[in-house]
Amino acid sequence: MCDLVARTGRHQQRYEDGRRLVAGCIPFRYRTNNDETSDDEHKKLVEVLMINSQSGPGLLFPKGGWENDETVEEAAAREAIEEAGVRGDIVHLLEFYDFKSKTHQDACCPEGMCRAAVFALHVKEELTSWPEQSTRQRTWLTVPEAASQCRYQWMQEALLTGFSDWHDKWSRGGGGTNCDPA
């Protein structure tokens with residue numbers, strides 16, 4: 001039984017310029033690379049966490065509405081807990097991505113346009129129980145595996161140009177975060 005409860009409804013939802021504002025994250029972790037061809041036994045392999053879609057094939061990153069009573073970082077962290085059952089540190093805003101939602105059109109946003117703030121979230125804890133666990137399955141994947149399974153083009157772009165570019169720069173010492181790969 002999960003003590004956490006997912007938020008529902010749109011009464012606290014933020015909108016801007018006819019777009020619903022959304023917050024999401026690309027949860028990631030490191031695992032030891034056991035590749036025998038690797039020169040460095042201690043090299044860490046980055047993996048990202050994806051969840052199944054409730055409305056069709058393909059995998060997604062956790063995301064949902066940014067509400068009036070929270071910061072965008074709090075909203076992204078909340079969605080990671082509600083949808084994927086993970087907690088961690090928000091370490092970097094990757095970018096803002098515009099997309100059209102086919103399922104979330106309402107009076108404030110009749111065309112379903114959304115703007116998502118997507119963050120890198122370094123996972124520190126995987127919960128055994130979380131609000132949407134009865135409808136969500138989580139899967140850890142390498143970045144290439146995740147890119148091939150992204151349901152939406154904008155999420156694939158967030159992974160390949162936002163997350164991967166940031167992570168490559170950060171791992172060479174220029175990413176500007178406190179995230180430690182060790």
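How many disulfides does the count come to in this structure? Before I answer, I should say that what we have in front of us is a predicted model, and that everything I describe today is computed from it. The count comes to 0 disulfides. There are cysteines to look at all the same, and two of them sit on the inside: Cys25 counts as buried, at 1% relative accessibility, and Cys114 is buried as well, with a relative accessible area of 0%.

Let me step back to the overall layout, so that you can find your way around the picture. The protein chain has 3 helices and 8 strands, and if you follow the elements from the N terminus on, they run β-β-β-β-β-α-β-β-β-α-α. Of the 182 residues in the protein chain, buried residues make up 46%. If we take the contacts with a separation of 6 or more, residues that are 24 or more positions apart account for 70% of them.

Now to the inside of the protein. A search of the whole structure finds 1 cavity of 30 Å³ or more, and the volume of this largest cavity is about 60 Å³. Which elements each supply at least two residues of the lining? They are β2, which spans residues 19-32, and α3, which spans residues 153-171. Among the residues that line the cavity are Gly24, Cys25 and Ile26, together with Trp154, Met155 and Ala158, so Cys25, which counts as buried at 1% relative accessibility, turns up again here. The lining also includes Phe61, Pro62, Lys63 and Val118. Sorted by class, the lining has 8 nonpolar, 1 polar and 1 charged residues.

My last topic is charge. Side chains of opposite charge can pair when their charged atoms come close. In this structure the count comes to 13 salt bridges, and I would like to walk through a few of them.

Arg29 forms a salt bridge with Glu47, and their closest N and O atoms are 2.8 Å apart. Because Arg29 lies in strand β2 and Glu47 in strand β3, which covers residues 44-52, this pair ties together parts that are 18 residues apart in sequence. Arg31 also forms a salt bridge with Glu47, with the closest N and O atoms 2.5 Å apart. Here, too, the arginine lies in strand β2 and Glu47 in strand β3, so the pair of Arg31 and Glu47 ties together parts that are 16 residues apart in sequence.

Are the residues in these two pairs buried or partly exposed? Glu47 is buried, with a relative accessible area of 6%, whereas Arg29 is partly exposed at 25% and Arg31 is partly exposed at 35%. These residues belong to a network of salt bridges, in which Arg29, Arg31, Glu47, Glu126 and Arg138 are linked.

Finally, please look at Arg78, which forms a salt bridge with Glu79, the closest N and O atoms being 2.9 Å apart. In this pair, Arg78 is buried and Glu79 is buried too.

Terms used: Residues are numbered from 1 along each chain as its sequence is written. This is a predicted model: local features need pLDDT of at least 70, side-chain atom pairs count only at pLDDT 80 or more; totals for chains, interfaces and linings use all residues. Side-chain values use heavy atoms; hydrogens and water are left out. On a 1 Å grid over the protein atoms alone, a cavity is a set of points where a 1.4 Å probe fits but cannot get out, and a pocket is an open set with protein on both sides within 12 Å along at least five of seven lines; lining residues have an atom within 4 Å of a point. Grid points are joined across faces, edges and corners, and a volume is the space filled by probe spheres set on the points. Helices (H or I, at least four residues) and strands (E, at least two) are DSSP runs, numbered from the N terminus. Ala, Val, Leu, Ile, Met, Phe, Trp, Tyr, Cys and Pro count as nonpolar, Asp, Glu, Lys and Arg as charged, and the others, Gly among them, as polar. A disulfide is a pair of cysteine sulfur atoms within 2.5 Å. Buried means under 20% relative accessible area, exposed over 50%, partly exposed in between (1.4 Å probe, protein chains only). A salt bridge is a side-chain nitrogen of Lys or Arg within 4 Å of a carboxyl oxygen of Asp or Glu. Contact means heavy atoms within 4.5 Å.
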